[in-house]
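Open the model in your viewer and get ready to make a few selections. Here is a short tour of the ligand and its surroundings.

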Amino acid sequence: MPIDATLPYDDQNIFAKILRGEIPNRTVYEDEWSLAFHDINPQAPTHILIIPKGAYVSWDDFSANASDAEIAGFTRAVGHVAREMGLVEPGYRLLANVGIDAHQEVPHLHVHLFGGKALGPMLAR
Ligand code: 5GP
């Protein structure tokens with residue numbers, strides 16, 4: 001079910017549980033600000049989720065309320081993971097769903113990183 005991105009942060013969401021180590025994940029990168037791990041239901045040969053460690057519901061919440069250090073750290077982590085996965089030269093796609101129309105399902109900010117094949121047009125027509 002898509003979530004309303006204006007609701008308060010729910011610390012029982014699945015990515016909060018992953019951050020607390022209560023649920024396993026296939027980590028590809030971790031630093032002070034961010035965790036990156038394989039999506040459980042990949043939509044491309046490479047499908048990584050990158051999340052900030054702070055409690056932010058969505059890109060909207062994060063961009064409005066995170067500190068400059070959190071935003072810089074998270075942004076650098078996204079770029080770092082793409083480079084480490086060898087995706088810069090072939091290319092890759094970033095996607096952050098926010099709220100109901102975008103079908104955001106997990107109420108903790110996550111950026112999807114897709115790659116490993118030609119990804120086609122941006123949205124289904
Ligand atoms: P959204 O629709 O919120 O942008 O995307 C949520 C993503 O989280 C989906 O691609 C889904 O496959 C992934 N996901 C949901 N639960 C889990 C989980 O427990 N572990 C991992 N690794 N991914 C999950």
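**Start at the ligand**

Select Ile40 together with the ligand: a backbone N or O atom of Ile40 lies 3.3 Å from a nitrogen atom of the ligand. Keep in mind that this is a predicted model.

Now add Asp39. A polar atom of the Asp39 side chain is 2.5 Å from an oxygen atom of the ligand. Next, pick Val106. Here a polar backbone atom is 3.1 Å from an oxygen atom of the ligand. How much of the ligand's accessible area does the protein cover? On its own the ligand has 530 Å² of accessible area, and the protein covers 84% of that.

**Widen to the shell**

Select the residues around the ligand. There are 17 of them. Color Asp39, Asn97, Glu105, His110 and His112, which come nearest. Then color the shell by class: seven residues are nonpolar, eight are polar and two are charged.

Switch to a cartoon view. Which elements each supply at least two residues of the shell? Look for helix H1 (14–19), strand S2 (34–38) and strand S3 (46–52). H1 gives the largest share of the shell, three residues.

**Step out to the pocket**

Turn on a surface for the protein. The ligand takes up the space of the largest pocket. About 780 Å³ of space lies in this pocket.

Select the lining next. It consists of 29 residues. Which of them lie nearest the centre of the pocket? Pick Asp39, His47, Leu49, His110 and His112. Asp39, His110 and His112 are also among the residues that come nearest to the ligand.

Go back to the cartoon and trace the lining. H1, S2 and S3 each give two or more residues to it, as do strand S4 (93–95) and strand S5 (111–115).

Finish by coloring the lining by class. It has 15 nonpolar residues, ten polar ones and four charged ones.

How values were computed: Residues numbered from 1 in each chain as written. Predicted model: local features only at pLDDT ≥ 70, side-chain atom pairs only at ≥ 80, totals over all residues. Heavy atoms only, no water. Near = heavy atom within 4 Å. Polar contact = N/O pair within 3.5 Å; in protein donor to acceptor, adjacent residues only side chain to side chain. Areas by Shrake-Rupley, 256 points an atom, 1.4 Å probe, with all protein chains shown as cover. 1 Å grid on protein atoms, 1.4 Å probe; cavity = no way out; pocket = protein on both sides within 12 Å on 5 of 7 lines; lining within 4 Å. Sits in = over half its atoms within 2 Å of the grid points. Helix = DSSP H or I, 4+ residues; strand = E, 2+ residues; numbered from the N terminus. Nonpolar A, V, L, I, M, F, W, Y, C, P; charged D, E, K, R; others polar. Points joined across faces, edges and corners; volume = space filled by probe spheres on them.
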